[in-house]
Amino acid sequence: MKTLFIVATPIGNLEDITLRALRVLKEVDLIACEDTRVTKRLLDKYQIIKPTLSYHQHSQVGRLDKIIAALESGKDVALVSDAGTPGIADPGGMLVSAARTAGVKVVAIPGPSALVAALSISGIAADRFLFLGFLPHKKGRQTLLQTAADSTYPVVFYESVHRIKKTLEQLSSLLSPERPVIVCRELTKIYEEVAAGPISEVLSHFDEKNTKGEFVVIIDGSK
Ligand code: SAM
């Protein structure tokens, strides 16, 4: 029985990877990735040639069993996601749970995560905070938005290009006008930007352009 390494990878800039992550990716027998094409760009940059296997939220149980079987047969496996730390708002957690149940050793190779990167430049004291992952599209959405609005802790969540404007609009009717909001877009990438201020300002910032990319939204705690 070998080891399942949970390897954090860049959230954009391919230089944001640790020496240990590169060594582990070079040494394992198999790399399980969310999207093999995305991971290939990283592997190519560092001249890592390894067998890859896709493992994502639509993977069948058979795929998970295949990875566990590889571990049980004595292979070391690395799990990476498209960006950041596997298991944080992506399907990594299920594999880790199955590996633990099978008695496989699981080792963290820490590195970037979009939520930590965003908090680190937010100027908001993050001694404690509430992370909501992705808001649901329909059922439970309004409840979670209200949870965010009522929270006395800073709240962090992920948002996609499809919903960022809608989400900011919904928040504008729930947040007091002076409540600080920070939206980080495309961190570490070419079009990286941060919009900060009251919700009205942040909303008009993103209203003025055809906003593309990936987003982290932070709302300061209500005082
Ligand atoms: N596991 C990842 C992590 O540790 O950050 C998060 C995976 S989740 C499926 C992807 C979401 O993370 C995106 O939709 C976006 O909200 C956020 N994200 C990832 N990369 C980002 C970046 N470079 N800038 C802003 N947000 C990002």
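The buried residues of helix α3 (buried meaning under 20% relative accessible area with a 1.4 Å probe, protein chains only) are Leu64, Ile67, Ile68, Ala70 and Leu71. They cover an arc of only 155° around the axis, taken from the directions from the helix axis to the C-beta atoms, which puts them on the same side of α3. This is a predicted model, in which local features need pLDDT of at least 70 and side-chain atom pairs count only at pLDDT 80 or more, while totals for chains, interfaces and linings use all residues. Residues are numbered from 1 along each chain as its sequence is written, and side-chain values use heavy atoms, with hydrogens and water left out.

**Helix α3**
- Helices (H or I, at least four residues) and strands (E, at least two) are DSSP runs numbered from the N terminus, and α3, at residues 61–72, has twelve residues.
- From its first C-alpha to its last α3 reaches 16 Å, close to the 16 Å expected at 1.5 Å a residue, where the expected span is 1.5 Å times one less than the number of residues.
- The cover over the buried residues of α3 includes β1 (3–7), β2 (30–33), β3 (52–54), β4 (77–80) and α4 (92–101), with contact meaning heavy atoms within 4.5 Å.
- Gly74, whose phi is positive and near 100°, follows α3.

**Helices α6 and α7**
- Helix α6 (residues 141–150) and helix α7 (residues 164–172) pack at an angle of about 60°, with their axes 10 Å apart; the axes are lines fitted to C-alpha atoms, for helices over the stretch in contact, and angles run from 0 to 180 degrees between N-to-C directions.
- That angle makes α6 oblique to α7, given that angles under 35 degrees count as roughly parallel, over 145 as roughly antiparallel, 65 to 115 as roughly perpendicular and the rest as oblique.
- In this pairing, Arg141, Gln142 and Leu145 of α6 meet Lys166, Thr167, Gln170 and Leu171 of α7.
- Ile164, Thr167, Leu168 and Leu171 are the buried residues of α7, and they cover an arc of only 95° around the axis, which puts them on the same side of α7.
- Those buried residues of α7 pack against α6, β7 (155–159), β8 (180–185), α8 (199–207) and β10 (215–219).

**Positive phi outside glycine**
- Ala89, in the loop between β4 and α4, has a positive phi near 60° and is partly exposed (between the 20% bound for buried and the 50% bound above which a residue is exposed), with a relative accessible area of 36%.
- Thr188, in the loop between β8 and β9 (193–198), has a positive phi near 70° and counts as partly exposed at 26% relative accessibility.
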